[in-house]
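Okay, thanks for having me, I'll keep this short. Let's put the structure up and walk through it together.

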Amino acid sequence: MRGIEMQTIVYDCEILKAVPSQFSYCEKGIKYCSGWSDHARMGISVIGVYDYAEDRYHVFCEDNKAEFEALCRSRDLFVGFNSIPFDNALISATSGWFCPPEEKCYDLLRETWIAAGLEPTFSRKTHGGFGLAAICETNFGKSKTGNGALAPVEWQRGKVGSVVNYCLNDVWLTKRLFDAVLAGSAITNPKDQGKLTLRKPG
């Protein structure tokens, strides 16, 4: 295993409170935040992690969040998908969770946009169509097993295992994409079927 992998984790967060804009009504008994930018009120239900050094997956919730910090402090590269503007913002706004430093983060969505000749920040006019599901379906024939907007509803309904499985599947998909980057393999653009070569970290 190469040195960079030994210092790398792949991570993904699921939110605790639902986002009302994703539903036609607010379901009785379900707690909501005010929208996708309301990171302070979303809360974290689970963070899924793949650790290259140990070649294993981890699940972190409120009861073992100190272990997430300990793992992060022992690693130097943090890989996610849309992780800098969303996951990191969520972690930073949620009390008691350690946030990976942005300078040590590698955001695969941002790198995909750059490889496609786009700016590294989202614009509705140009940046749509590069979701994790679209990229992984196009390149690996694999997709997400759920919906991030529905995950907090399922969590609050007590379907904890389903949400954890959904989160870890997203981590697995993100890892597959990062493995392709490490191997120097071009990925297929889901929008036009062209080839994209993402920058390697380091």
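Let's begin at Val 171, which is buried, with a relative accessible area of 1%. Keep in mind that what you're looking at is a predicted model. Val 171 sits in helix H8, which covers residues 160-182. So who does Val 171 touch, once you leave aside its neighbours within four places in sequence? The contacts are Val 10, Tyr 11, Asp 12, Gly 48, Val 49, Tyr 50 and Tyr 57. Take Tyr 57 from that list: Val 171 and Tyr 57 are 114 residues apart in sequence, yet their C-alpha atoms are 8.8 Å apart in space.

Now, two of those contacts, Tyr 50 and Tyr 57, turn up again when we look at rings. Tyr 50, Tyr 52, Tyr 57, Tyr 106 and Phe 178 form one aromatic cluster. And there's a charge in the picture too: Lys 175 lies over the face of Tyr 50, 5.0 Å from the ring centre.

While we're on rings, how many aromatic pairs are there? The count comes to eight. One of them is Trp 113 with Phe 122, with centres 6.0 Å apart and 40° between the planes, which makes the pair tilted. The two partners sit in different surroundings, if you go by the numbers: Trp 113 counts as buried at 6% relative accessibility, while Phe 122 is partly exposed at 47%.

Let me zoom out for a second. The chain has eight helices and seven strands. Its radius of gyration is 17 Å, close to the 17 Å that the globule rule gives for 202 residues, so the chain is as compact as a globular protein of that length. If you want a box for it, the C-alpha atoms fill roughly 50 × 40 × 30 Å along the principal axes. Of the 202 residues, 46% count as buried. The accessible surface comes to about 9,700 Å², and 50% of that belongs to carbon and sulfur atoms. And for the contact-map people: take contacts between residues at least 6 apart in sequence, and 66% of them join residues at least 24 apart.

Next, cysteines. A disulfide is a covalent bond between the sulfur atoms of two cysteines. How many does a search of the whole structure find? Zero. Cys 72 is in no disulfide, and the nearest cysteine sulfur, the one in Cys 99, is 8.6 Å away. Then there's Cys 105, where the closest cysteine sulfur is again in Cys 99, at 6.6 Å. Why is there no bond there? The cut-off is 2.5 Å between sulfurs, so 6.6 Å is too far. As for where these two sit, Cys 72 is buried with a relative accessible area of 2%, and Cys 105 counts as buried at 12%.

Cys 72 also brings us to another buried spot. Phe 98 is in contact with Phe 68, Glu 69, Cys 72, Arg 73 and Ile 91, leaving aside neighbours within four places in sequence. Phe 98 is found in a loop, the one between helix H4 (83-93) and strand S5 (105-107). Buried or exposed, then? Buried, with a relative accessible area of 15%. Another pair to click on is Phe 98 and Ala 66: they are 32 residues apart along the chain, and their C-alpha atoms are separated by 8.2 Å.

Staying with loops, have a look at Ala 18, which is in the loop between strand S1 (8-15) and helix H2 (39-42). Ala 18 is buried, with a relative accessible area of 0%. For a sense of distance across the model, Ala 18 and Lys 125 are 107 residues apart in sequence and 26 Å apart in space, C-alpha to C-alpha.

Last bit, backbone angles. Which non-glycine residues show a positive phi? I have two to show you. Asp 55 has a positive phi of about 50°, and it lies in the loop between strand S2 (44-51) and strand S3 (56-60). Asp 55 is exposed, with a relative accessible area of 55%. Then Gln 193 has a positive phi of about 65°, in the loop between strand S6 (187-188) and strand S7 (195-196).

That's my tour. Happy to rotate the model if anyone wants another view.

Technical notes
Residues numbered from 1 in each chain as written. Predicted model: local features only at pLDDT ≥ 70, side-chain atom pairs only at ≥ 80, totals over all residues. Heavy atoms only, no water. Buried < 20%, exposed > 50% of the residue type's maximum accessible area, 1.4 Å probe, protein only. Phe/Tyr/Trp six-rings, centres within 6.5 Å; stacked < 30°, edge-to-face > 60°. Lys NZ or Arg CZ within 6 Å of the ring centre and 35° of its normal. Helix = DSSP H or I, 4+ residues; strand = E, 2+ residues; numbered from the N terminus. Rg over C-alpha atoms; globule rule 2.2 N^0.38 Å. Contact = heavy atoms within 4.5 Å. Areas by Shrake-Rupley, 256 points an atom, 1.4 Å probe, with all protein chains shown as cover.
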